[in-house]
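Subject: Handover of a structure, with notes on its contents

Dear colleague,

Please find the structure below, passed to you for your records. My notes come directly after it.

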Amino acid sequence: MGLRKRVGDTLKQAMKDKDATRLGTLRLINAAIKDQDIAQRGSDSDTGEGVGDVEILAILGKMTKQRMESARAYEEGGRLDLAETERAEISVIEEFLPRQLDEAEVSDAIKAAITATGAESIRDMGKVMGHLKDQYTGQMDFGAVGPKVKDKLCAGA
């Protein structure tokens with residue numbers, strides 16, 4: 001449970017440092033992880049350990065995306081103070097996310113996934129996206145990657 005422990009250790013350090021902004025964000029991360037643990041309890045995939053690192057990365061990615069949307073909305077509404085708070089939370093969350101792939105790396109990953117899955121047409125898009133999610137969770141925005149995969153599969157057909 002590498003990520004779970006890192007979040008816990010960082011939370012303890014923020015308490016010692018009396019860093020209220022950081023502490024609040026870390027508590028939100030912990031709460032989201034515990035919510036996911038509770039949601040998983042009744043499922044067949046429950047191992048008793050709670051969610052793993054892959055699920056935690058997905059939670060952190062979702063939290064980052066939510067805060068980006070909120071910051072954008074606050075800026076449009078003229079509430080720059082609230083937008084800045086959201087950005088501060090994003091920076092804390094991003095400490096736990098792996099490095100994001102750049103455009104060239106994303107393109108290479110898509111090509112490799114298409115080759116690995118043997119995808120030939122748009123019908124195979126699900127296989128390619130599944131392969132990418134298995135390999136690159138937290139390293140790319142799958143909402144933006146989907147259309148690129150679709151373009152490559154349509155161009156190849």
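The notes that follow begin with the chain as a whole and then turn to its cores, its helix pairs and a few individual residues.

**Overall description**

Please bear in mind that this is a predicted model. The secondary structure of the protein chain consists of 7 helices and 0 strands, so the order of elements from the N terminus is α-α-α-α-α-α-α. Measured out along the principal axes, the box filled by the C-alpha atoms is roughly 55 × 45 × 25 Å. Of its 157 residues, 33% count as buried. Among contacts in the protein chain with a separation of 6 or more, 60% are between residues 24 or more positions apart.

**The nonpolar cores**

The largest nonpolar core has 19 residues, and the members that touch the most others are L26, I29, I33, I56, L60, M63 and F96. At least two residues of this core come from each of α1 (2-17), α2 (20-41), α3 (53-76) and α4 (80-94). Another core, of 15 residues, lies apart from it and includes V106, I110, M129 and M140. In soluble globular proteins, nonpolar side chains tend to be buried together.

What does L26 contact, leaving aside its neighbours within four places in sequence? The residues in question are V7, T10, L11, A14, V92 and F96.

**Helices α2 and α3**

The axes of α2 and α3 are 10 Å apart, and the two helices pack at an angle of about 130°. Because this angle falls neither over 145 degrees nor between 65 and 115, α2 and α3 are oblique to each other. Their crossing is right-handed.

On the α2 side, the contact is formed by L28, I29, A32, I33 and Q36; on the α3 side, by I56, I59, L60, M63 and R67. By character, the residues of this contact comprise 8 nonpolar, 1 polar and 1 charged. I29, I33, I56, L60 and M63 were also named above among the core residues that touch the most other members.

**Helices α5 and α6**

A second helix pair is formed by α5 (residues 103-117) and α6 (residues 125-136), whose axes come within 9 Å and cross at roughly 120°. That angle makes α5 oblique to α6, and the crossing of α5 and α6 is right-handed.

From α5, the residues A109, I110, A113, I114, A116 and T117 meet K127, V128, H131, L132 and Y136 of α6. The residues of this contact divide into 8 nonpolar, 2 polar and 1 charged. One of the α5 residues listed here, I110, belongs to the core of 15 residues.

**Individual residues**

T10 is a residue of helix α1. Is T10 buried or exposed? Its relative accessibility is 16%, and T10 therefore counts as buried. Not counting neighbours within four places in sequence, T10 is in contact with R22, L26 and F96. Of these, L26 and F96 are named among the core residues that touch the most other members. T10 and R67 are 57 residues apart along the chain, and their C-alpha atoms are separated by 20 Å.

E89 is located in helix α4. A relative accessibility of 14% means that E89 counts as buried. Residues up to four places away in sequence aside, E89 touches T25, L28 and R67. L28 and R67 also take part in the contact of α2 with α3.

K18 belongs to the loop between α1 and α2. The phi angle of K18 is near 55°, which is a positive value in a residue other than glycine. With a relative accessible area of 74%, K18 is exposed.

A155 is part of helix α7 (residues 142-156). Because its relative accessibility is 65%, A155 counts as exposed. The C-alpha atoms of A155 and I122 are 9.5 Å apart in space, while the two residues are 33 apart in sequence.

**In brief**

The predicted model has 7 helices and 0 strands. Its largest nonpolar core has 19 residues, and another core, of 15 residues, lies apart from it. The crossing of α2 and α3 is right-handed, and so too is the crossing of α5 and α6.

With kind regards

Notes: Residues numbered from 1 in each chain as written. Predicted model: local features only at pLDDT ≥ 70, side-chain atom pairs only at ≥ 80, totals over all residues. Heavy atoms only, no water. Core = buried A, V, L, I, M, F, W, Y, C linked by side-chain atoms within 4.5 Å. Buried < 20%, exposed > 50% of the residue type's maximum accessible area, 1.4 Å probe, protein only. Helix = DSSP H or I, 4+ residues; strand = E, 2+ residues; numbered from the N terminus. Contact = heavy atoms within 4.5 Å. Axes fitted to C-alpha atoms, helices over the stretch in contact; angles between N-to-C directions. Parallel < 35°, antiparallel > 145°, perpendicular 65-115°, else oblique. Left-handed = near helix turned anticlockwise from the far one by under 90°. Nonpolar A, V, L, I, M, F, W, Y, C, P; charged D, E, K, R; others polar.
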